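Here are some notes for your reading of this model, set out as numbered points. Please keep the structure open beside them.

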Amino acid sequence: MGGLLSSKIFPMSEEILDVVDEQDNLIGKETRKKVHEVGLWHRGVHVFLFDEDGNLLIQKRSADRASNPLRLDCSVSEHVQSGESYQQAAIRGLKEEMGVENIQIKKLAKFRMNYGINDNEISELYEGVVEPSDVKFDSEEIESVSYVSMDELRKMLKEDESKFCYWFVEILKMYWGEEAKMYRME
């Protein structure tokens, strides 16, 4: 008699993430809640969107966000859902968070970082150019957006780093070629 492989049943409403090892090899899948309760390695993406003048779109997270409410963040930060590629997650995030589609994005880096308590993530960073009038951000997740020059961002960080999400600070440092608290994978 042949045996059936056991498969885990997940609630339909739960976001399911791929669980990976520290080299980004797939080792399973689990709910987002469980991944963050236990500290399992999972995947994420970030996108830096620039206007035609080279100013970075930054978002201020809404007050209702469980993690880092009212802090400044990348243009888009997204978990990679189970079975999804990094690029697919970035494209989905552009649509869900900023309401934009058909943005050409380019991968800049892949890195491994601890984002906070029990939040271990392997992420890819992408960049692209957006027309500000096309942006229709998700007001449930995002309080506001603004376009800031790199010089202005450096000044804002010097004045009060606590206004920024921890990961955004580290990703900016990497982007600027400075030492960051992460392991660069490629």
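1. Leucine 57 counts as buried because its relative accessibility is 0%, where buried means under 20% relative accessible area, exposed over 50% and partly exposed in between, with a 1.4 Å probe and protein chains only. Leucine 57 has its place in strand E4, strands being DSSP runs of E with at least two residues and helices runs of H or I with at least four, numbered from the N terminus. Leaving aside neighbours within four places in sequence, leucine 57 is in contact (heavy atoms within 4.5 Å) with residues including Leu49, Cys74, Met98 and Val145.

2. The model is predicted, so that local features need pLDDT of at least 70 and side-chain atom pairs count only at pLDDT 80 or more, whereas totals for chains, interfaces and linings use all residues. Residues are numbered from 1 along each chain as its sequence is written, and side-chain values use heavy atoms, with hydrogens and water left out.

3. The largest nonpolar core, a set of buried Ala, Val, Leu, Ile, Met, Phe, Trp, Tyr and Cys residues joined through side-chain atoms within 4.5 Å, has 26 residues, and Phe48, Leu56, Leu153, Phe168 and Ile171 are those with the most contacts inside it. Among the elements that each supply at least two residues of this core are strand E3 (41-50), strand E4 (56-61) and helix H4 (166-175), and H4 gives the largest share, six residues.

4. Beyond its neighbours within four places in sequence, phenylalanine 48 is in contact with, among others, Leu56, Phe168, Ile171 and Tyr175. Another core, of 21 residues, lies apart from the largest one and has Val76, Tyr86, Val100 and Ile122 among its members.
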